[in-house]
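I opened this entry to look up how the strands and helices pack. I took one helix pair and one sheet in turn.

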Amino acid sequence: MLRKGSELLKGDREVLLDLNYADEVQTADGYGSLQNGCFIPPRYLSASACDEDADGNDNDCIDIHFNARSTQPNPQLGNYFRDGRTKIDFVLVWEVRSRTKRRGKGKVRGDLTGAEGEAVPTEENSRSERRKAQLAQWREKFVQNLQSAGLLMEKEETANEKKTIHFLKLSAPWDVMVYYAEELCLRAPLQAQPNLNLNTSAQVLSRLCIPNVMTESVPNRPLDYYTCAFRKSKINRFLGCDNHETYFTNTQRHRVVYEIIAGTVYGKRKRAEVGVDRLVNEGAYTAAFPLHEGPFQLPKYEIRPDELNQRQVLHYYWARWCKWYKYQPLDHIREYFGEKIALYFAWLGFYTAWLLPAAVVGTLVFVSGVMSMGTNTPAKEICNSGASYRMCPLCNTCKAWNMSEICTIAKLGYLFDHPGTVLFSVFMSFWAVTFLEYWKRKMSTLAHHWDCMDFHEEEERPRPEFAAMAPSMEQNPVTGVKEPYFPEKTRLSRMFTGSMVIIMMLCVVMIFLVTVVMCRGIISVMMFHTGSPVLRTEAGTIANISSSIVNLGLILLMGRVYTALAEQLTKWEMHRTQTQYDNAFIFKVFIFQFVNFYSSPFYVAFFKGRFVGYPTNYGTLFGMRNEDCGPGGCLIELAQQLFIIMVGKQLINNIQEFIIPKVKAWRQKRSLAKVLRGKTSHEPQRWEEDYQLVECEGLFEEYLEMVLQFGFITIFVAAFPLAPLFALLNNWVEIRLDAHKFVCEYRRPVAERAQNIGVWFNILEALSHLSVIANAFLIAFTSDFLPRLLYQYKFDNDLSGYVNFTLAYAPLNYTEYPMCRYKAFRDNNGNYTLFYWELLAVRLGFIIAFEHAVFFVLRAIDWIVPDVPESLELKMKRERYLAKQALAENQEALLVSRGRGATPGACSPASDTSFGNMS
């Protein structure tokens with residue numbers, strides 16, 4: 001039954017605050033600005049203060065629209081207050097367990113423990129009640145200060161007998177938006193311009209008059225404008241300024257409101273009790289998020305495409321699996337999620353498109369290897385050798401074997417070690433550095449197109465965790481406001497200690513690597529001792545595959561453990577801003593994951609088989625002979641490892657990305673369904689439906705997965721030409737999975753501005769340079785390309801006798817199997833031959849020439865291809881000119897420049913188009 005008048009107000013206020021507590025003087029404190037924080041206009045500090053009633057009682061001063069459903073007008077479609085006109089920009093949510101249930105429990109406990117049946121609260125209950133009172137007090141002061149900042153509020157609640165879920169809807173009125181638009185340097189439109197086609201492939205296909213199946217007309221594409229920084233005093237010169245409802249986009253409104261609630265005080269300023277993020281961490285609120293633009297499902301009735309909401313457009317034209325071959329609607333993504341998320345999808349799409357030529361070339365190289373297997377002279381000699389080459393035992397307890405037994409492996413080894421794979425590794429080295437150069441051009445084009453070219457992050461406020469744990473307050477030299485402070489000397493000492501922990505964890509990875517190597521050796525010996533000819537022949541392959549699977553399991557396990565450890569270490573280091581925290585966390589995790597994922601392939605590629613020794617002088621590790629490369633060479637073993645680690649990781653990650661968000665969403669919906677149970681007539685509101693979704697987890701895991709994949713396809717591509725193909729197939733799936741998560745399963749994140757992909761680009765550049773060096777060493781020391789080339793140059797162009805040339809005889813004092821053969825360029829005494837030293841000189845010369853050639857081409861491309869296209873520079877000059885005219889103080893000069901028939905200061909369409917006549 002609905003309550004009326006003061007009873008309604010009193011009851012709703014009690015629910016809002018949860019608990020009663022002693023009145024205290026509340027001040028409209030902010031943080032981080034001249035008005036103690038929130039960039040609060042002076043008029044809001046007084047105009048929105050609540051008047052006391054006739055009795056002087058100010059307990060009801062929070063001016064919130066309560067859930068009194070009377071003769072309200074029917075709300076229009078969209079996220080609005082109950083008046084149907086005020087937009088909902090943000091929602092704060094908190095849960096309160098029902099008071100009756102708590103009292104009932106206290107009474108039962110009192111009957112058991114009290115002498116006269118009264119409840120005897122335990123110390124734990126007392127602490128819990130005090131904590132709830134503190135959270136309620138923080139919420140009340142926070143809401144009062146938000147009201148002082150000018151925000152409009154409306155409260156809803158959903159309840160059952162166990163708990164009540166409160167939803168506080170926030171909205172920024174026009175005056176607040178105008179004030180903060182200037183403070184945050186939002187961009188204002190000056191002149192519309194045609195939407196350009198930023199897809200290079202579409203431009204090429206259009207010039208060639210080839211139909212483009214990848215293009216698709218997406219409705220409601222955001223318009224493109226020449227823009228300048230917003231100025232309130234010049235507002236009448238910006239396009240659309242007469243329409244207050246649509247002038248600011250929803251993402252801009254979200255950003256402004258988040259700026260306000262992230263810098264508003266809720267407790268004592270000297271304790272840095274500031275901002276909604278810390279309130280969520282403290283448990284005062286369970287969630288804070290902007291709302292999605294309605295449902296993502298299409299309505300059951302027919303509807304025109306231009307009538308779809310933004311979320312439906314993104315789902316229908318982007319997130320569905322059948323759109324895997326279509327261009328991504330990047331402008332729509334940016335309009336809905338902001339520039340930071342849009343840049344991630346732009347980079348992922350650009351990277352996937354560049355993988356297409358690499359995948360095609362790699363597949364052709366692999367197919368050419370399959371087709372030319374029959375022309376491999378060394379493999380023919382091995383298969384036809386019979387008992388001619390009696391090989392020395394591969395382990396201390398093994399027997400001698402004939403080289404003809406490895407005929408099949410020798411043929412397969414040619415697939416991963418033939419001239420085509422060498423050329424492909426050279427191609428991929430150029431591909432990696434060229435890809436990054438052209439991404440810089442794409443990045444600058446998008447940054448200008450999305451008005452982020454001149455974006456620089458404002459002076460960041462301290463992180464909530466930093467503010468809560470900092471031991472003292474010091475004055476910020478930029479803002480002049482006292483902020484939480486942590487001594488730099490102490491932070492450096494903690495970072496040094498954290499580095500020692502990282503080194504210890506890397507040592508653990510090395511221990512696991514040695515364990516895998518020993519496991520592989522044990523499995524090989526076991527296969528040899530079975531007596532089966534098949535198992536003896538395939539012993540190395542079986543051992544390599546089984547140990548790679550074990551290694552993948554250890555990699556994934558250690559990755560989880562270390563990510564959690566790195567998060568705690570980074571928190572302990574007390575970085576002041578979120579950017580500093582993110583960069584430190586990314587660096588730690590990437591360094592560990594780099595060693596974690598790449599240590600085993602690096603071992604096989606560059607160290608395995610290098611320290612074997614020779615009969616009578618074998619190298620050992622913990623009593624076991626050092627590993628030698630298998631009969632097919634190290635490259636085929638490297639290919640097996642890369643396939644299992646790279647493809648296995650991708651499959652597991654995709655399964656996790658598909659299942660885990662659904663499980664989390666199911667648990668969240670199940671929790672809210674208990675509250676809604678029994679209310680069959682209650683249709684869930686948008687804020688209730690969004691509260692059931694999963695909180696957005698950011699882009700860290702997405703970037704990390706792609707960067708590690710980039711390393712696999714560039715550093716070790718000489719051994720696995722199909723790696724770009726598998727990466728391409730994975731990325732097609734990855735784009736749709738990520739799109740579906742953001743559109744359908746995640747709460748809408750706060751739109752963030754960015755002009756690039758941040759520190760990840762520096763990591764990609766480092767990997768591309770490392771790939772050049774790694775491929776040079778891979779070709780020189782691991783592949784048989786240079787030994788065959790030198791043999792062809794010195795002895796026989798057809799490689800006849802090459803196998804016999806590469807086999808040395810055991811020393812004369814090796815009596816166990818006299819005159820057995822082993823693969824090395826040594827004489828009968830175990831000393832290196834002249835050919836070995838000539839080959840070493842050729843290898844070193846090749847490395848120097850290869851890397852110098854690639855880096856020279858890189859510098860040439862960097863010089864020839866400017867980071868900012870010429871056409872973009874022209875647009876930037878045009879935009880600066882329009883901005884200068886629009887913001888000119890001299891009205892007479894402005895009138896002359898605008899030509900005839902234009903009325904300065906008007907917001908009419910005629911005035912809007914007059915900017916196009918400037919010259």
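Entry 1, a helix pair. I worked from a predicted model. I looked up the handedness of the crossing between α25 and α27, and it is right-handed. I then noted which residues make the contact: Leu786, Pro787, Leu790, Tyr791 and Lys794 come from α25, while α27 supplies Phe835, Glu838, Leu839, Val842, Arg843 and Phe846. Sorted by class, I have eight nonpolar residues and three charged ones, with no polar residue in the contact of α25 with α27.

For the geometry, I noted that α25 spans residues 785–794 and α27 spans residues 834–864. Their axes come within 10 Å and cross at roughly 120°. I count angles of 65 to 115 degrees as roughly perpendicular and those over 145 as roughly antiparallel; α25 and α27 are therefore entered as oblique to each other.

Entry 2, a sheet. I found an open sheet of four strands, and I read the order as β2-β3-β1-β6 with antiparallel pairing. Which strands stand at the edges? I put β2 (152–159) and β6 (287–289) there; each has a single partner strand, so one side of each is left without a neighbour in the sheet. The twist from one strand to the next averages 20°.

I followed β1, residues 90–97, to its partner β6: the two run antiparallel and are joined by three bridges. Leu92 stands opposite Ala288 in β6.

Last, I checked what packs on the sheet. Helix α7 (residues 250–262) does, and I noted that it touches β1 and β3 (163–171). The direction of α7 makes about 50° with that of β1.

How values were computed: Residues numbered from 1 in each chain as written. Predicted model: local features only at pLDDT ≥ 70, side-chain atom pairs only at ≥ 80, totals over all residues. Heavy atoms only, no water. Pairing = 2+ DSSP bridges. Axes fitted to C-alpha atoms, helices over the stretch in contact; angles between N-to-C directions. Contact = heavy atoms within 4.5 Å. Parallel < 35°, antiparallel > 145°, perpendicular 65-115°, else oblique. Left-handed = near helix turned anticlockwise from the far one by under 90°. Nonpolar A, V, L, I, M, F, W, Y, C, P; charged D, E, K, R; others polar.
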